[in-house]
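Hi everyone, thanks for coming. Today I'd like to walk you through one protein chain, step by step, so please have a look at the picture first.

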Amino acid sequence: PDDTNWQGTDQASVGQSESGDTNRTQLALETMVASPTAIPTAKTNTTAIATEPTHGSGRQPSSSRPVQENAPVSMHSIRDLLIARGVPERSSVIICQSWRAATLKSYSSAWKKWLAYCTQKGVNQLHPDLYDIIAFLTQTFDSQKSTSWTSTFRSAISTVLEVSQGTDIGKHVLISRLLKGMNNMEPKRPRYTNTWDVRQLLTFLEQNNEPTLKTITYKIVTLIALTTASRCSEIAALTTEYMNLSSDQAIFQIHKSKTWNKRLMKPIHVHSFPPNSGLCPIIALRAYLTATLTIRGANTALFITMVKPYKPASASTISRWIKSTMRLAGIDIETYKAHST
C-alpha cells in the first residue's frame, strides 16, 4: 500500500494514562494553551475538523464550536475537537478525564514544539503528511537523543489527530520502525551502575528519634518505601479509610494511583519488625497517626502536608521527603533519587 495513505491504517491505542483527578485534569486542559501564531496551510480555510455523521442516530457533527484548520490547536482543544465531530459535550468532558494532568502537561509541551515545527515548515498541524511527522520525530531524536522523549512527541501528535480525525498514526509501520530504530541506536540504560548502602539509611532512621512531626513523617514514609518497594504515587494514594491496622501489620487497599489497575493492583502490606523497635514500620505508623491527629481534620489521605493548609501529600511531595531523608543520612541525592529505595 501507499505509505502516504496513513489515515487508512489500523487504529491502535496510544497508551495514555488512566483517568486522574477531575479538577487537576481540567486545570491542565485550561492552562495548556499554545501560542496564538497562525499555522500556514494550503488547505481550505475555517472548516470543522470532521464532517462524518454519528452512526446510528443520524446525528450531524456540531458546528457550535468549529475549530479552524489554520489556527493553532492546544491540548485544551481536545474537547472542542470532539464536539466538532458530534460527540455530546458532556461525553467530551468525560473523555478528557481519561488523560491525567501530568500526561497532558507532557503532551502539551510536545504539541507546542510540533506547532513551532509546523509554523517553520508550513505544515498543516491537523492534516500533516506522514513524512512531515517522520521528519519531526527524527529531528526531535537527533536533538534529544532520547527514545522515550520522542515517543512522548509521537503520542501527543497521535492523540490530537486521533481525536480530530479518528486516525492514529502512532502504530503506522514506518513510525513504529522509526521508533524501533531509535531504540536500537540509543538503547535504554539503567539509571544506576552501582547503588548505595541501605545500612547507612537504616542507621540514621534508627538513631533519629526526635519527637517532631517532620522527623516522624520522614521516618514512616522512608520505612514504607524501603519495606514495600512502592512507588511514590502509590504511597501518596494510601488512605486511612482503606487501612486495616493491627498489632503486627497494616494493610492498605489502593484505589487511585498512577499505576492503579483494579485487576492488577494488590494491597500494600506493611509488617512490624519486632527485633528492632527503632526500625519498626508499625510503631512508626502509629506514632505518625498520633502526631497528625489534631491537624488531620477530614483528610483521609494517610500522608498530609506539614504546613497549613494541611492537605494530602502529592507523589512529588513524598519523593521530596524521601530524598530529604536520604540527604540527611549522607547519601548523594544528586546521583540517587527517591525511586532508588
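Let's begin with a stretch that calls for caution: over residues 25–71, pLDDT, the predictor's confidence in each residue from 0 to 100, stays under 50. For that stretch the model has 103 contacts beyond four places in sequence, where contact means heavy atoms within 4.5 Å. Residues 1–22 also stay under 50, and there the model has 54 such contacts.

A word on the ground rules. This is a predicted model, in which local features need pLDDT of at least 70 and side-chain atom pairs count only at pLDDT 80 or more, while totals for chains, interfaces and linings use all residues. Residues are numbered from 1 along each chain as its sequence is written, and side-chain values use heavy atoms, with hydrogens and water left out.

How confident is the predictor in the chain? The mean pLDDT is 76, and 71% of the residues reach 70 or more. Confidence is lowest in helix α1, residues 22–31, at a mean of 46, and highest in helix α11, residues 281–291, at 96.

Now the overall picture. The chain has 13 helices and three strands. Here helices (H or I, at least four residues) and strands (E, at least two) are DSSP runs, numbered from the N terminus. Of the 341 residues, 43% count as buried. For us, buried means under 20% relative accessible area, exposed means over 50%, and partly exposed is in between, using a 1.4 Å probe and protein chains only. Among contacts between residues at least 6 apart in sequence, 66% join residues at least 24 apart.

On to the sheet. Its three strands run in the order β1-β2-β3, and the sheet is open with antiparallel pairing. Two strands pair if DSSP finds at least two bridges between them. Why is one side of β1 and of β3 left without a neighbour in the sheet? Both β1 (243–245) and β3 (268–271) stand at the edges with a single partner strand each, so one side stays free of a neighbour there. From one strand to the next, the twist averages 10°.

Strand β2, residues 249–252, pairs with β3 over four bridges, in the antiparallel sense. You can find Q249 opposite H271 in β3, and A250 opposite V270. Which side chains of β3 are buried? I268 and V270 are, and they point to one face; H269 and H271 point to the other and are not buried. That fits a handy rule: in a regular strand the side chains alternate between the two faces of the sheet.

What packs on this sheet? Helix α11 does, touching β1, β2 and β3, and its direction makes about 115° with that of β1. Those angles run from 0 to 180 degrees between N-to-C directions, with axes as lines fitted to C-alpha atoms, for helices over the stretch in contact.

Next, two helices. The 16 residues of α9 should span 22 Å at 1.5 Å a residue, and its end C-alpha atoms are indeed 22 Å apart. The expected span is 1.5 Å times one less than the number of residues. Among the buried residues of α9 are T215, Y218, K219 and L223. The buried residues of α9 pack against α8, α10, β3, α11 and α13.

Helix α13 passes the check too: its 14 residues should span 20 Å, and the end C-alpha atoms are 20 Å apart. Its buried residues include I318, W321, I322 and M326, and the buried set packs against α8 (198–207), α9 and α10. After α13 comes G330, with a positive phi near 90°.

A few local details to finish. Just after α9, A229 takes a positive phi of about 55°, although A229 is not a glycine. This residue lies in the loop between α9 (213–228) and α10 (232–236). Is A229 buried or exposed? At 63% relative accessibility, A229 counts as exposed.

Another spot to look at is the cis peptide bond joining K308 and P309, with omega about -10°. P309 sits in the loop between α12 (293–296) and α13 (315–328).

Lastly, how many disulfides are there? The count is zero, taking a disulfide as a pair of cysteine sulfur atoms within 2.5 Å. As for cysteines, C96 is buried, with a relative accessible area of 1%, and C280 is buried at 5%.
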